[in-house]
Amino acid sequence: MLFSPITLLVLLVSFATAFPRMDPKTLQQLLKRDTNLKACPFAHTDAHEHNKRQTRFDPVAQKVSTTGKYAWKAPNLEAGDKRGPCPGLNALANHGYIPHSGIAPATTLIKALGEAYGMALDLATFLAVYGTVFNGDALSVTPGYSIGGPANIGLLGGALSGTGITRTPSGLSGSHNNYEGDTSATRGDQYLFGNNDLLQIPFFQQYYDALLENTPAPQQYSALFRFRQSRFNYSIENNPYFFFPQFAGVLVAPAGFAFPPAMMSNHSAQYPQGYLDKETFKSFFAVTGKSGNFKYRPGHERIPDNWYKRAIGTEYSIPAFLLDVLEYARQDPRLLSVGGNTGTPNSFTGIDITALTKGVFNGATLAQGNNLQCFIFQLIQAEAPGVLTGLYSDVTKALQPLTDSISGALGGLGCPQLMGLDESLYEKYPGYKKNPVGL
């Protein structure tokens, strides 16, 4: 399987069709950025093979600017700047890679994620589209979303009227169970902490302590497994409303463990695959001070000076991310279990995947081949209409960007066709519908 220019063009055309105000120049710039992606890592038998590729360090191409128009500027949270649960997005806003307000068009997010972090077009497009549809406004003149709390997305002052959206979008801070979820690496569970976007120092300390020093980023990620497992166990043992859905749980929760080594590590001739040193880690998470006495300043995440992103041609893609997810899941299969606690701590029960998908998928084989990607993306598509009812006056039209993005992500995989879901199986989990009203 290859990320060929044709495949990337399909992704971009799908996105541009759904969001027709994307200009041709932007399309060409995005296409040019990722046409040199290498073979899909699913082609390798060793799950780490994509991380073992020899890469060359290019100090010119990989240097990320933190000066001039990209100089760091503190957010004015009192005046309405939005910052939320994703430290990488917060840093992009503070450096001007996306609007400093924290309310960003989807096309700007896609470009910024690649330019600053080396995120591949497929992953950046899907995440931007997903956030726009579920937590922003897919029908705005400039479709996008708030990286923090609720905001009207006529993005530059537009009103809700006439867009087809019926209420103020939640933003990422109000996305519990549809984007943000429990068992985050550094954030607390919504029910236990009363918010999902503020870093919790004890969890950050655990991450910091688990981060191997003087070690290439791929090995740093592998060594975080016990920490990831402990965070999952913490939610089971303490949160009676812990719920682990297919996207916010199985797919997004691991991102908090995978993304920092993959896209926040600094690259050099010594560490061409990256190395996430602890000072860089603190900078990206708005933490200062010495170990054991950390201080956190919400919204003040920062890209360090003299920081170099992933090598050109090794952009972090959907298949690469899924391999990272599967690396942990093969060691602890619960990490692929859609389910949750049933009203008391330590009552975690997984959903019967075969029953949920009416026989199309089997939980025992999700880690094989393309099954995980097929399962998660088709479940998102099947459940989306119900989730979006009441947010848009025309749900079908609002869903079109997501439908197109999923079609691009699944194209050529030969997925078994999901024909329906038995959503009644979710009813045993009180955390399933325990969502915040938008923070």
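Begin by selecting helix 6 and helix 14 in this predicted model, because the two helices are roughly perpendicular to each other. Their axes come within 7 Å and cross at roughly 80 degrees, an angle that falls in the range of 65 to 115 degrees which counts as roughly perpendicular. Helix 6 covers residues 121–135, while helix 14 covers residues 318–329.

Next, show the side chains where these helices touch: Asp122, Leu123 and Phe126 of helix 6 meet Ile318, Pro319 and Phe321 of helix 14. Sorted by class, this contact has five nonpolar residues, one charged residue and no polar ones.

Keep Phe126 selected and add Phe247, for the whole structure holds 41 aromatic pairs, and the rings of Phe126 and Phe247, with centres 5.9 Å apart and planes at 75 degrees, form an edge-to-face pair. Since Phe126 belongs to helix 6 and Phe247 to helix 11 (residues 246–252), the pair ties together parts that are 121 residues apart in sequence. Is Phe126 buried or exposed? Its relative accessibility is 2%, so Phe126 counts as buried, and Phe247, at 2% as well, also counts as buried.

Now return to helix 6 and look at what lies beside it: this helix lies across strand 2 and strand 3, running at about 70 degrees to strand 3. These strands belong to an open sheet of three strands, in the order 1-3-2 and with antiparallel pairing, whose edge strands are strand 1 (103–105) and strand 2 (136–137). Two bridges join strand 2 to strand 3 (residues 144–146), and here you can find Asp137 opposite Gly144.

Finally, select Phe204, Tyr207, Tyr208, Phe227, Phe257, Phe281, Phe285 and Phe294, which ring pairs link into a cluster.

Methods
Residues are numbered from 1 along each chain as its sequence is written. Side-chain values use heavy atoms; hydrogens and water are left out. Two strands pair if DSSP finds at least two bridges between them. Helices (H or I, at least four residues) and strands (E, at least two) are DSSP runs, numbered from the N terminus. Contact means heavy atoms within 4.5 Å. Axes are lines fitted to C-alpha atoms, for helices over the stretch in contact, and angles run from 0 to 180 degrees between N-to-C directions. Angles under 35 degrees count as roughly parallel, over 145 as roughly antiparallel, 65 to 115 as roughly perpendicular and the rest as oblique. Ala, Val, Leu, Ile, Met, Phe, Trp, Tyr, Cys and Pro count as nonpolar, Asp, Glu, Lys and Arg as charged, and the others, Gly among them, as polar. Rings of Phe, Tyr and Trp (its six-membered ring) pair if their centres lie within 6.5 Å; planes under 30 degrees apart count as stacked, over 60 as edge-to-face and the rest as tilted. Buried means under 20% relative accessible area, exposed over 50%, partly exposed in between (1.4 Å probe, protein chains only).
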